[in-house]
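Got the viewer open? Let's take a walk through this one, stop by stop.

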Amino acid sequence: MRVLITGATGLIGQEIVKVCHENNIDVNFLTTSKSKITEKENYKGFYWNPRKNEIDTRCFKDVDTIIHLVGASISKRWTASYKNDIISSRTDTTALLVNTLKNETHTVQHVISASAIGFYPDSLTNYYDQNFDEVSASFLGQVVKLWEQAVDEFSALNISVSKIRIGLVLSNNGGALPEIVRPVKFGVGAAFGHGRQWQSWIHINDLANMFYYVLKFKLNGIYNGVAPNPVSNKEMTKTIADVINKPMFLPNIPKFMMKLILGEMHILLFESQRVSSKKIGDKGFNFKYNYVKPALEELLA
């Protein structure tokens, strides 16, 4: 089997490549950097430039499934122009893949796309599953809505579509966790706002294995890429402090302060989404890290 991965050199992509290779799946990947192109039999790189609608169509040769991960980071200040980059990096790349496949003879049968739990509205009380269809009015909600609509276009090509709405990814190689840990390490860790906002998290190993599971069993539809037991922001911060043996005695950080510092992006710290992983569990997927403390101990201890 051979898959094509966009975003293969990113945090999640690298982990998925590793899982694919462990299971004897060959990987083609698309990159905007010609220096990253490799020619190994099980890991072949191909150039694309979505801004110019350029793509090396050899990337589709013998590919059964596309794993679509690419998208500009949301952890960078949301200026008006960068907001456009966040949206276009997801929708334009998807459209380029769809439009290219329309004009190619190919073997692609399945697309598995990253998405995000930012789809769900901010709530301290709701427990969201994939059947909830009211989209958050936030910028992130609108990003995910446009992103998923673009991905649905693969269906018109008789390609099965799967979407994994990813929560807070815990990894010691990048992403949000090192940024959350840093102030705690220096003894200035504190919860944000009232600290009751839900954080639906997942260990990066479980997330990569979830993508593989959806690939292996050809599961279509929407799945939440979160662990079974979400925690509050306060519990997350306190557990990190416990795991790295640091005190946590400062008062909570006020919302207005982070809004001054981060602008609109502050919602990443204060929005609350308690999200269910029951659907993927019912399909037989087993999480290695069901609870946040063992996940953090594996990553930080």
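Before the first stop, a word on labels: helices (H or I, at least four residues) and strands (E, at least two) are DSSP runs, numbered from the N terminus. Keep in mind, too, that this is a predicted model.

**Stop one: N24.** Select N24, and you'll land in the loop between α1 (11-22) and β2 (26-31). What is the phi of N24, which is not a glycine? It is positive, at about 60°. For background, most residues other than glycine have a negative phi. Now switch on the surface: N24 has a relative accessibility of 68%, and the bar for exposed is over 50%, so N24 counts as exposed.

**Stop two: D62.** Next, pick D62, in the loop between β5 (54-55) and β6 (65-68). Here's another positive phi in a residue other than glycine, with D62 near 65°. The relative accessible area of D62 is 49%, so this residue is partly exposed.

**Stop three: aromatic rings.** Time to show side chains. How many aromatic pairs does the structure hold? There are nine. A pair of aromatic rings is described by the distance of the centres and the angle of the planes.

Begin with F119 and Y120. Their ring centres are 5.4 Å apart and their planes sit at 80°; an angle over 60 degrees counts as edge-to-face, so that's what this pair is. How accessible are the two residues, buried or exposed? F119 has a relative accessible area of 7%, which makes it buried, and Y120 is buried as well, at 0%.

Then jump along the chain to F285 and F287. The centres of these rings lie 5.0 Å apart with the planes at 85°, so here you have an edge-to-face pair too. F285 is buried, its relative accessible area being 7%, and F287 also counts as buried, at 11%.

**Stop four: the ring cluster.** Go back to F119 and Y120, and add Y128 and F132 to your selection. Ring pairs link these four residues, F119, Y120, Y128 and F132, into a cluster.

**Stop five: charges over rings.** Keep F119 on screen and select R165. The charged end of R165 sits over the ring of F119, 3.8 Å from the ring centre. So F119 gives you two things to look at: the edge-to-face pairing with Y120 and the charged end of R165 over its ring.

For the last selection, take K83 and F139. Over the ring of F139 sits the charged end of K83, 4.9 Å from the centre of that ring.

How values were computed:
Residues numbered from 1 in each chain as written. Predicted model: local features only at pLDDT ≥ 70, side-chain atom pairs only at ≥ 80, totals over all residues. Heavy atoms only, no water. Phe/Tyr/Trp six-rings, centres within 6.5 Å; stacked < 30°, edge-to-face > 60°. Buried < 20%, exposed > 50% of the residue type's maximum accessible area, 1.4 Å probe, protein only. Lys NZ or Arg CZ within 6 Å of the ring centre and 35° of its normal.
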